[in-house]
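Student: Could you take me through one part of this protein closely, and then show me how that part sits among the rest? I would like to follow the reasoning step by step.

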Amino acid sequence: MPPPTAPAPAPDARRLDPLTARRRFVTVSFLFWLPIGMSIATGVLLFTDRGMGLAAVAGFFAVHSLTAAAMELPTGGLSDVLGRRAVLATAGLLNVAAFTLFGLASAAWAIALGMALMGCARALSSGPAEAWYVDTVHAHAGPAADLRTGLARGSSATSAALALGTLLGGGLPWLVGRVPGAGEWLTGATGGHVIPLSVPALLGALVEVGFVLYVVSALPEPPRPRATLRGVLGGVPAAIGAGLRLGGRDVVIRRLLLTASTTGAGLAVLELLTPGRAAALTGTAESGAVLFAGLACAGFVCAALGSQLAPFTARLTRSSGRAVLAGRGVVMLGLVLLGASASSTSVLATAAAGTGFGLAYLGLGIAAPNANDLLHHRVDAAGRATALSVQSLALQLVAAGAGIAFGLLPLGPLPWLLAAAVVLAGALLWVRRTAGNPEERLPSPLPVVAGSASER
């Protein structure tokens, strides 16, 4: 049973209508991810310019990943107990501190602290905004309301923010450097704390301040019981326990978690090996970084396009489950093209690699909103953020392990084709038809709705 401190929000006539809720969900998604996109192009360069070696930089990113993984379930439960808005605003404040440290600090411990804060913010943010949107739509239009379109728009906004942020993050230091004397003046005026590569991080901190103010003012929630320390300490573990039991109660949720795991393997190979291939193609690490920034931007644009196509794909295939299968098939095709072209830098191989990179992100964009649509039909408001955190945790843990494994393999087609095989395994989960409708919301007082007898 859900803890008494975390009741499901009751329908409230004062709630926003679905269209307004969708617009605000899209705005929140865009504002949160824009600063993160700005850090992609310059993050490693900024840290190395501060005097950090590559081993130290790898350690910083490990701090981020481990913190996010460790905090994923506790913070998901916190959102279900305290409310979506408070936890989401806290995530924004942590990112403000993290980006400020990145922009000003030169000590390794300060950068590591910033990465830990960002990892915690990532865990805090993995469910509340989407859970708020679904709660609001259900409160206004009932549990049968359409969610695909709003989830797709939110996913598109995330991808668009990452794409735009990557371009801004890579372009701002270049623009500062184009102004005669601007970089030297900036460094001198701040005692060396701010350099041109710091500008995207500091601008990102300002954007995060705007994000926090928007969350506090634009995401209304129904009144919740006043949270006490005893209630939080008792309610969060109960929510975590419900999250850990997700896969055992419902076959559809079990498939979704396994699918998220295989997505982690696909993302790991894309993020780990694409920069090296870009550098090999251009001949130098610096020009390879510029090419990778462009590729990353193109990938996010493809993911945004895929998210826009997600509702159409579900209508075309007549179910969210088959749309997930279709999206996974596109991802697998992209990884196969990347693997087949890994041993050559010819024009044909380069074209195949670029096409494969775009297809991989397009397929991810198609699959994600449909997968989340299925998830939200299997859980209720009391466990929604926790369910999203479990899904995110499954992706992150497998991505971390797969990244280590792929890094140990010899360069060439093998890592790409192995990742394609893992993605194929996740796609095959959706080939077998199950009795009952996986998109049907099953009434139950439990935080996680159990599947029908034929599905268990």
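Tutor: Let us begin with a term: a residue counts as buried when its relative accessible area is under 20%, and as exposed when that value is over 50%. This is a predicted model, and in it F47, at 4% relative accessibility, therefore counts as buried. By the same cut-off F102, at 5% relative accessibility, counts as buried. These two rings form an aromatic pair that is edge-to-face, with 5.6 Å from centre to centre and 70° between the planes. F47 belongs to helix α1 and F102 to helix α3, so the pair ties together parts that are 55 residues apart in sequence. The pair also has company, since ring pairs link F47, F60, F99 and F102 into a cluster, and the count for the protein comes to eight aromatic pairs.

The part I would like you to look at closely is helix α8, which we can reach from here, because α1 and α3 are among the elements that cover its buried residues, and α5 and α6 are included as well. Helix α8 runs over residues 199-218, and at 1.5 Å a residue its 20 residues should span 28 Å, which agrees with the 28 Å between its end C-alpha atoms. The buried residues of α8 are P200, A201, G204, A205, V207, E208, F211, V212, V215 and A218. As you read along that list, keep in mind that an α-helix has 3.6 residues a turn, so residues three or four places apart point the same way. In the list you can find such spacings, for instance from G204 to V207 or E208, and on to F211.

Now turn to one of the covering helices, α6, which packs against α8 at an angle of about 120°, with the axes 8 Å apart. That angle makes α6 oblique to α8. The residues of this contact divide into six nonpolar, one polar and no charged. On the side of α6 they are G169, L172, P173 and V176, and these meet V199, P200 and L203 in α8.

For comparison, helix α4 can be checked in the way we checked α8: the 18 residues of α4, residues 108-125, should span 26 Å at 1.5 Å a residue, and its end C-alpha atoms are 26 Å apart, which agrees. Among the buried residues of α4 are I111, M115, M118 and L124.

Further along the chain, A420 lies in helix α16, residues 413-428, and A420 is buried, with a relative accessible area of 4%. Leaving aside its neighbours within four places in sequence, A420 is in contact with M332, L335 and V336. The C-alpha atoms of A420 and L337 are separated by 9.7 Å, although their positions lie 83 residues apart along the chain.

R318 offers a contrast, because R318 is exposed, with a relative accessible area of 72%. R318 sits in the loop between α12 and α13, and its phi is near 70°, a positive value in a residue other than glycine. Most residues other than glycine have a negative phi.

Finally, step back to the protein as a whole, whose secondary structure comes to 16 helices and zero strands. Buried residues make up 52% of its 456 residues. Of the contacts with a separation of 6 or more, 84% come from residues 24 or more positions apart.

Key: Residues are numbered from 1 along each chain as its sequence is written. This is a predicted model: local features need pLDDT of at least 70, side-chain atom pairs count only at pLDDT 80 or more; totals for chains, interfaces and linings use all residues. Side-chain values use heavy atoms; hydrogens and water are left out. Helices (H or I, at least four residues) and strands (E, at least two) are DSSP runs, numbered from the N terminus. The expected span of a helix is 1.5 Å times one less than its number of residues. Buried means under 20% relative accessible area, exposed over 50%, partly exposed in between (1.4 Å probe, protein chains only). Contact means heavy atoms within 4.5 Å. Axes are lines fitted to C-alpha atoms, for helices over the stretch in contact, and angles run from 0 to 180 degrees between N-to-C directions. Angles under 35 degrees count as roughly parallel, over 145 as roughly antiparallel, 65 to 115 as roughly perpendicular and the rest as oblique. Ala, Val, Leu, Ile, Met, Phe, Trp, Tyr, Cys and Pro count as nonpolar, Asp, Glu, Lys and Arg as charged, and the others, Gly among them, as polar. Rings of Phe, Tyr and Trp (its six-membered ring) pair if their centres lie within 6.5 Å; planes under 30 degrees apart count as stacked, over 60 as edge-to-face and the rest as tilted.
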